[in-house]
Amino acid sequence: MVSRVIPVEDFDLVIFGGTGDLARRKILPGLFRRFLSGQMPETSRIIGAARSDLDTDGYRQLIREAIAEFGGEESSDAEGIDAFLGQLHYVTVDAKGDGGWSELHDLIRFEVVNAFYFSVAPSLFGDLAERLHTYKIADADSRVVVEKPFGRDLASAKALNATLAEHFDESQVYRIDHYLGKETVQNLMAVRFGNMLFEPLWNNHYVDHIEITVAETVGVGGRGSYYDKSGAMRDMVQNHLMQLLCLIAMEAPSEFESDAVRDEKLKVIRALQPVEPHHIVRGQYDAKGDEPSYRQDAEDPRTFTESFVAMRCEIANWRWAGVPFYLRTGKKLKARTSEIAVVFKDLGHSIFPGDEKRHRNILAIQLQPNEGMQLQVTIKEPGPGGMRLVDVPLDMTFAEALGPDAEDVTDAYERLIMDVIRGNQTLFMRGDEVEAAWAWTDPIIEGWQARHDVPKLYDQGSSGPEDAMALMHREGRKWREIKG
Ligand code: NAP
């Protein structure tokens, strides 16, 4: 395959938290793949920064082990690994102390793109931002990358935004939601805004409802006590599902430019209606044999935090008035899948005698495990027996349609980090978007707390609590099956 990779500008990327789980599992292996693809200039440097007392050789060894564990197929490329590790450096710094900062200043090359990845707890963002300025390491051209969770409610998100704003302009801040870096998510915009076929039908005249499902098979496991402070609503809906909803529902921006796209997404969030309590179902997975229940995993037998949530939302604007958006996400479900389904209305009248089924076109977009799209269309069942109709999927799995080029699907983190170096904020959340999403989420969570809402138990390996099914059944609709 001819490589279409365009190298980015020369850069120095400092990863605060460079010894942590995220850096070892995602960021460094991702950068290694970009290095192998030829996208990372040979002079660029990645500087790990954390409190651990390591030197550069020690850090290179740590990342060598991380690539062996998490680097996938490419981790067998010994020569490539050596060359990549040669571009790594390490500085011992404490976000809350003064050691190491002058050394970091001396290491940075100010004539190239400078990016600072805050892969640490959000409570350290303020300290890092402040010291980057005190030691004159960051300037008006620097970029900062911040990880989720971006706050746990509107007040904390505002405080984080204010902390960053003290030292950085919004145009310098890259808030990561790795869902936005997925190939299919970007394809969603290409399909919507690059084709004549769908856009005329993309509204309440033709769409019956839209489903967004993000299902996981894993439980909260060892992260139980951490997860219990957030729950599915904060951990998944406020960010990932909300971003998918925005991309599905937004108006076409006048151009594919970061603020134009984010302005349209913001309008969707602001048009989201408050959700009635009877339009939300929360759940917790039950124990199954030796497999612990959510409460056991969370190490709190009385916790009311949800590991599952399903809801019916509405967007109050001309395009979507009256069209329900059903969102659901949960852990320990039947299969691991992320899918968006646009379910079009049925014809209302069939000209084919004996054809009583309500045939519907469905555009199903899968984000994981296999990225692709299917369009369900109605055709004649082959063979004799008259005009019997059947619904079949037109499969657009990218691997089949695009052949070897489809293998070039870049991991979300890799793409997003390269976007930071390019200075492209389109796939990053703007501060006002995050705040608007919390402003919608907060009253829902506060309502649960005020009502002492108790999540419904559901079986591990199921599709969630029975009540979640009823959410759609009582409106004559049915969730799509959760399939891996
Ligand atoms: P982690 O494994 O606990 O790593 C934290 C990192 O911060 C370590 O490198 C630690 O190194 C460093 N650190 C802690 N205190 C510091 C200080 N005072 N000064 C400088 N460095 C300090 O956490 P993580 O899982 O990598 O997560 C990092 C961030 O990413 C968090 O905000 C998390 O919410 C977010 N995130 C993580 C994941 C994931 O899959 N792990 C996914 C999404 C978002 P030392 O102890 O050596 O200082």
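1. Let me start with the ligand site. In this predicted model, the ligand has 21 residues around it, and those that come nearest are T19, D21, R25, R51 and S52. Sorted by class, this shell holds nine nonpolar residues, six polar ones and six charged ones. Helix α1, which spans residues 21-37, supplies the largest share of the shell, with three residues.

2. Three polar contacts are worth a look while you have the site on screen. The side chain of R25 places an N or O atom 2.6 Å from an oxygen atom of the ligand. R51 also reaches a ligand oxygen, with a polar side-chain atom at 2.8 Å. A95 takes part through its backbone, where an N or O atom sits 2.8 Å from a nitrogen atom of the ligand. As for cover, the ligand has 880 Å² of accessible area on its own, and the protein covers 73% of that.

3. Next, the parallel sheet. Six strands make up an open sheet, paired in parallel and ordered β3-β2-β1-β4-β5-β6. At its edges you will find β3 (88-92) and β6 (173-175), each of which pairs on one side only. From one strand to the next, the twist averages 20 degrees.

4. For a closer view of this sheet, try the pair formed by β1 (residues 11-16) and β2 (residues 45-50), which run parallel and share five bridges. Within this pair, F16 stands opposite A49 of β2. Two helices can be placed against the strands. Helix α2 (residues 56-70) lies across β2 and β3, and its direction is at about 120 degrees to β3. Helix α13 (residues 412-422) packs on the sheet as well, touching β1, β4 (113-118), β5 (143-146) and β6, and it makes an angle of about 135 degrees with β4.

5. Which order do the strands of the nine-stranded open sheet follow? They run β14-β13-β12-β11-β7-β10-β9-β8-β15, and the pairing is mixed. The edge positions belong to β14 (389-395) and β15 (456-458); each has a single partner strand, so one side of each is left without a neighbour in the sheet. Leaving direction aside, neighbouring strands here are turned by 20 degrees against each other on average.

6. An antiparallel pair in this mixed sheet is β9 (residues 308-313) with β10 (residues 325-330), joined by six bridges. One bridge to follow by eye is that of V309, whose partner in β10 is T329. Helix α9 (residues 231-249) packs on this sheet and touches β7 (207-215), β9, β10, β11 (337-344) and β12 (362-368), with its direction at about 145 degrees to that of β10. Helix α15 (residues 466-473) packs on the sheet too, in touch with β7, β8 (280-285), β9, β10 and β15; its direction makes about 15 degrees with that of β9.

7. Now some backbone details that deserve a check. Most peptide bonds are trans, and most residues other than glycine have a negative phi. Where are the cis peptide bonds at P149 and P369 placed? The bond between K148 and P149 is cis, with omega at about 5 degrees, and P149 belongs to the loop between β5 and α6 (154-167). The bond from Q368 to P369 is likewise cis, with omega near 5 degrees, and P369 lies in the loop between β12 and β13 (372-380).

8. One last point concerns phi. K136 is not a glycine, yet its phi is positive, at about 55 degrees. You can find K136 in the loop that runs between α5 (125-134) and β5.

Definitions and conventions: Residues are numbered from 1 along each chain as its sequence is written. This is a predicted model: local features need pLDDT of at least 70, side-chain atom pairs count only at pLDDT 80 or more; totals for chains, interfaces and linings use all residues. Side-chain values use heavy atoms; hydrogens and water are left out. A residue is near a molecule or strand if one of its heavy atoms lies within 4 Å of it. A polar contact is a pair of N or O atoms within 3.5 Å; within protein, one must be able to donate a hydrogen and the other to accept it, and residues adjacent in sequence count only if both atoms are side-chain atoms. Accessible areas come from the Shrake-Rupley method with a 1.4 Å probe; for residues, only the protein chains shown count as cover. Helices (H or I, at least four residues) and strands (E, at least two) are DSSP runs, numbered from the N terminus. Ala, Val, Leu, Ile, Met, Phe, Trp, Tyr, Cys and Pro count as nonpolar, Asp, Glu, Lys and Arg as charged, and the others, Gly among them, as polar. Two strands pair if DSSP finds at least two bridges between them. Axes are lines fitted to C-alpha atoms, for helices over the stretch in contact, and angles run from 0 to 180 degrees between N-to-C directions. Contact means heavy atoms within 4.5 Å.
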